[in-house]
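Here's a short set of exercises to work through with the model open in your viewer. Try each task yourself before you read the solution.

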Amino acid sequence: MHIAVLMLALMTVVTTASAGGQKPIKLVVLGDSLSAGLGLPVQEAFPTKLQKALQAKGITADMVNAGVSGDTSSGGRDRLDWSVPEGTEGVIVELGANDALRGIDPDLTRAALSDIIQRLKARKIAVMLCGMLAPPNYGADYAARFNSIYPDLAKKFDVPLYPFFLDAVAADAKLNQADGIHPTAGGVDIIVDRIMPTVEAFIGTIAEQRR
């Protein structure tokens with residue numbers, strides 16, 4: 001009898017603790033090969049490592065890797081509805097690197113990213129934008145037009161911006177794979193470490209909106 005009462009008490013405590021606990025934040029990383037983890041094991045990809053880093057700080061997140069290698073911003077827009085399932089609370093947008101590598105008109109990139117942000121906001125999904133910088137081979141004019149896209153959109157739509165996804169990793173041979181473009185596992189570690197404050201603030205905003 002005493003054992004039964006004790007078990008019932010324990011079950012009550014566990015149920016109460018679970019009910020009082022926060023549900024995991026549901027996030028999607030909508031990106032290209034840089035975030036998808038091209039050339040790396042699944043556990044070394046950016047979304048997986050970001051999820052683990054958040055967990056180490058006591059932040060529980062369900063992280064979906066919706067990165068597609070070779071995708072442009074227009075490609076991300078075209079697959080947006082099925083890449084971001086119902087119930088998603090926040091999307092980290094990492095797109096544009098392939099646009100810049102291919103010399104796509106920055107106006108097209110700007111329009112595609114604008115559509116993505118607006119469509120997600122219409123679904124009441126929070127957006128965080130990861131910036132990209134154009135390679136120098138297309139000249140200063142192209143770089144100026146392309147590089148201004150991200151800060152302009154972040155300001156226009158009032159979304160948080162991490163200015164350059166590959167900050168402290170780009171052009172460092174030790175942190176990139178043989179192609180000189182895609183980060184190694186060590187490179188991903190640096191990206192996660194540097195982007196973390198922005199992601200934490202982003203998640204904090206989502207948590208506030210839950211209340």
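**Exercise 1. Work out whether Y150 is buried or exposed, and what surrounds it.**

Step 1: Y150 has a relative accessible area of 0%, so it is buried. Here buried means under 20% relative accessible area, exposed means over 50%, and partly exposed is in between (1.4 Å probe, protein chains only). The areas come from the Shrake-Rupley method with a 1.4 Å probe, and for residues only the protein chains shown count as cover.

Step 2: Keep in mind that this is a predicted model, where local features need pLDDT of at least 70 and side-chain atom pairs count only at pLDDT 80 or more, while totals for chains, interfaces and linings use all residues. Residues are numbered from 1 along each chain as its sequence is written, and side-chain values use heavy atoms, with hydrogens and water left out.

Step 3: Now list the partners. Setting aside neighbours within four places in sequence, Y150 is in contact (heavy atoms within 4.5 Å) with L95, G96, L113, L129, C130, G131, M132 and L161. Take G96: it sits 54 residues from Y150 in sequence, yet the C-alpha to C-alpha distance is 9.6 Å.

**Exercise 2. Find which residues of α9 are buried, and what covers them.**

Step 1: Y150 belongs to helix α9. Helices (H or I, at least four residues) and strands (E, at least two) are DSSP runs, numbered from the N terminus.

Step 2: The buried residues of α9 are I149, Y150, L153, A154 and F157. They cover an arc of only 125° around the axis, which puts them on the same side of α9. The arc is that of the directions from the helix axis to the C-beta atoms.

Step 3: Flip to the other side of α9 and you'll find K155 and K156 exposed.

Step 4: The cover over the buried residues of α9 includes α7, β4 (126–130), α8 and β5 (161–162).

**Exercise 3. Do the same for α8 (residues 139–147): which residues are buried?**

Step 1: They are Y142, A143 and F146. Seen down the axis of α8, these fall within an arc of 100°, so they line one face of the helix.

Step 2: A140 and D141 are exposed on the other side of α8.

Step 3: For packing, the buried residues of α8 go against α6, α7 (106–122) and α9 (149–157).

**Exercise 4. Check the backbone: what is phi at K124, A171 and D158?**

Step 1: Most residues other than glycine have a negative phi.

Step 2: K124 has a positive phi, near 65°. K124 lies in the loop between α7 and β4 and is exposed, at a relative accessible area of 73%.

Step 3: A171 also has a positive value, near 70°. Its loop runs between β5 and α10, and at 80% relative accessibility A171 counts as exposed.

Step 4: D158, which follows α9, has a positive phi near 55°.

**Exercise 5. Describe the largest pocket and the second largest pocket.**

Step 1: Get the term straight. On a 1 Å grid over the protein atoms alone, a pocket is an open set of points where a 1.4 Å probe fits, with protein on both sides within 12 Å along at least five of seven lines; lining residues have an atom within 4 Å of a point. Points are joined across faces, edges and corners, and a volume is the space filled by probe spheres set on them.

Step 2: The largest pocket has a volume of about 290 Å³. Of its 19 lining residues, A97, L101, M132, L166 and I181 are the closest to its centre. Two or more residues come from each of α2 (33–36) and α6 (97–102), and α6 gives the most, with four.

Step 3: By class, that lining has 13 nonpolar, five polar and one charged residues. Ala, Val, Leu, Ile, Met, Phe, Trp, Tyr, Cys and Pro count as nonpolar, Asp, Glu, Lys and Arg as charged, and the others, Gly among them, as polar.

Step 4: The second largest pocket holds about 240 Å³, and its lining divides into four nonpolar, four polar and four charged residues. Helix α10 (residues 185–210) gives the most here, with five residues.
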